[in-house]
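Visitor: I would like to understand how the chains in this model meet one another. Could you take me through it step by step?

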Amino acid sequence: MQFTISTGRHKECIEITEQVRSIVRDSGIERGLCHVMVLHATAAVIVNENDDPNIGVDLLNALDGAVPEHAGWLHDRVDNNAQAHINASIMGPSETVPIEGGDLVLGTWQGLMVVELDGPRASRRVEVTIVPIA
Amino acid sequence: MQFTISTGRHKECIEITEQVRSIVRDSGIERGLCHVMVLHATAAVIVNENDDPNIGVDLLNALDGAVPEHAGWLHDRVDNNAQAHINASIMGPSETVPIEGGDLVLGTWQGLMVVELDGPRASRRVEVTIVPIA
Amino acid sequence: MQFTISTGRHKECIEITEQVRSIVRDSGIERGLCHVMVLHATAAVIVNENDDPNIGVDLLNALDGAVPEHAGWLHDRVDNNAQAHINASIMGPSETVPIEGGDLVLGTWQGLMVVELDGPRASRRVEVTIVPIA
C-alpha cells in the first residue's frame with residue numbers, strides 16, 4: 001500500500017501516523033507488524049513526539065550541527081544535497097511498528113514522521129507493508 | 001508480549017538480550033523475526049556489544065558531543081529534554097532480529113540494549129513481537 | 001540465508017543490493033518483508049544511493065566529524081575501535097525492505113549497503129530473512 005505526501009520546505013518533519021493508522025484499520029488485520037518506508041534517498045522515517053512540533057525543528061537543527069551542510073562534501077559537486085543523503089542514512093528510511101487489536105502499538109508520545117531533508121518536493125512516496133500474525 | 005525495565009540514571013544503556021531471548025524461547029517459534037521496541041519517545045533500542053559496558057558509556061558521551069544538551073533547543077522550554085528526543089529519533093525505538101532454531105540470530109558481540117536518554121524512570125515498556133515463518 | 005563479504009579498507013561502504021535481490025528472487029516469494037542484518041558490532045547496514053559512490057565517502061567523513069576517532073573513548077583501551085561501535089549503534093545493524101512482485105521495493109536511488117567501520121576484514125556475515133505475506 002502506498003501513499004504520497006508533498007513537502008513545503010527544504011527540511012521539515014511531517015507526521016504520518018494517521019495515514020498509516022488508516023491503512024492498518026482498513027486492512028482488518030488484528031495482529032502483526034507494520035513496516036513504513038519512504039522510497040527516497042534524501043528523506044527518512046522516524047518515530048517521535050509531535051505534540052510539540054518544535055521537536056522536529058530541534059532534530060533538524062541538531063543534524064545541521066552534527067553534519068554541517070555544504071562542508072566540502074564530494075557529492076555536493078553532483079547534486080548539492082550530500083547532507084540530505086548522509087542524514088537519511090543515519091536516521092534510516094523505515095520504521096516498523098507492532099499491530100495489536102487492529103491498531104498500531106505506539107507509546108503515548110510516539111508518532112510516525114517523514115523527515116524531508118531535500119525539499120520541497122511535490123511527491124514523496126511512503127510504502128506501508130503489513131505482515132499479519134496468525 | 002511486553003516487559004518493563006527501570007532505569008537508575010539520567011542516561012544509561014541497559015542490556016535486555018536475556019529478557020528478549022526468554023520470550024523467544026517460551027514462544028516455541030523456530031524461525032521468524034523478533035521485533036523489539038521501546039514505547040517511549042526519549043529512549044531507544046540498539047544492538048551492540050555489552051561485554052565491555054564502557055561501549056554504552058562511550059556511545060552516550062559521543063551523543064553528548066554530537067548533539068549537546070540544552071544548546072538552545074526549543075523543546076527545552078516545554079520539557080527540558082529536547083536532546084533525549086533528538087537522540088531517540090537518531091537511534092530509533094526498535095530493532096529487528098532474526099530467529100533460527102528457536103533462538104535469536106546475533107553475532108558473537110551483539111546484544112540488544114535499551115538506551116535511556118531521560119531517566120531515571122521507574123518503568124520503561126518494551127514490546128516484543130514475534131513473526132513466525134512457516 | 002547468509003552470505004559473506006570481505007572488506008578492503010578500514011572504513012568503507014559496500015553495496016549489497018544485488019546479493020540480497022538474488023536471494024529474494026531465488027526464494028520465489030512474491031510478497032513480504034526482507035530483513036538484512038550484519039552480524040557484527042562494528043559494522044552497519046544502511047539504505048542509500050550508490051550511483052555516486054562518493055555518498056558513502058561523505059557519510060564516513062561526516063561520521064568522523066560528528067564522532068571523532070580516538071577522542072578519549074573508554075573502549076579504546078580494550079580494542080581501540082570505540083568509534084566503530086558507536087557509529088554501528090547510531091546507524092544500526094539492519095534494514096527491512098518490502099518485497100512485491102518477487103522483487104525488493106526500493107526507490108530509484110536507494111540501494112542496500114554494508115558500512116564497514118573497523119576493517120579490513122576477511123569475512124563479514126550478512127543474514128537475510130524473508131517473511132512471506134500469504
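Visitor: How many residues of chain C are in contact with chain A?

Guide: In this predicted model, two residues count as being in contact if their C-beta atoms, placed from the backbone, lie within 7 Å. By that cut-off, chain A brings 24 residues to the meeting with chain C, and the number that chain C brings is 26.

Visitor: Which element gives the largest share of the side of chain C that touches chain A?

Guide: Strand S4 (43-48), helix H2 (54-66), helix H3 (82-91) and strand S5 (94-100) of chain C each supply at least two residues of this side. The largest share amounts to seven residues, and the element they come from is H2(C).

Visitor: How many residues of the side of chain C that touches chain A are nonpolar?

Guide: The residues of this side of chain C fall into three classes, of which the charged one has four members and the polar one has six. The remaining class, the nonpolar residues, numbers 16.

Visitor: What relation links chain A to chain B?

Guide: Chain A can be laid on chain B, with an RMSD of 0.0 Å, by a turn of 120 degrees and a shift of 0.0 Å along the axis. The relation is therefore that of a three-fold axis.

Visitor: Which residue of chain A comes closest to the rotation axis?

Guide: The distance to the axis is taken here from the C-alpha atom. At 3.0 Å, the closest residue of chain A is Ala66(A).

Conventions: Residues are numbered from 1 along each chain as its sequence is written. Chains are lettered from A and ligands numbered from 1 in the order in which they are written. This is a predicted model: local features need pLDDT of at least 70, side-chain atom pairs count only at pLDDT 80 or more; totals for chains, interfaces and linings use all residues. Helices (H or I, at least four residues) and strands (E, at least two) are DSSP runs, numbered from the N terminus. Ala, Val, Leu, Ile, Met, Phe, Trp, Tyr, Cys and Pro count as nonpolar, Asp, Glu, Lys and Arg as charged, and the others, Gly among them, as polar. Copies are superposed by least squares on the C-alpha atoms of residues with pLDDT of at least 70 in both.
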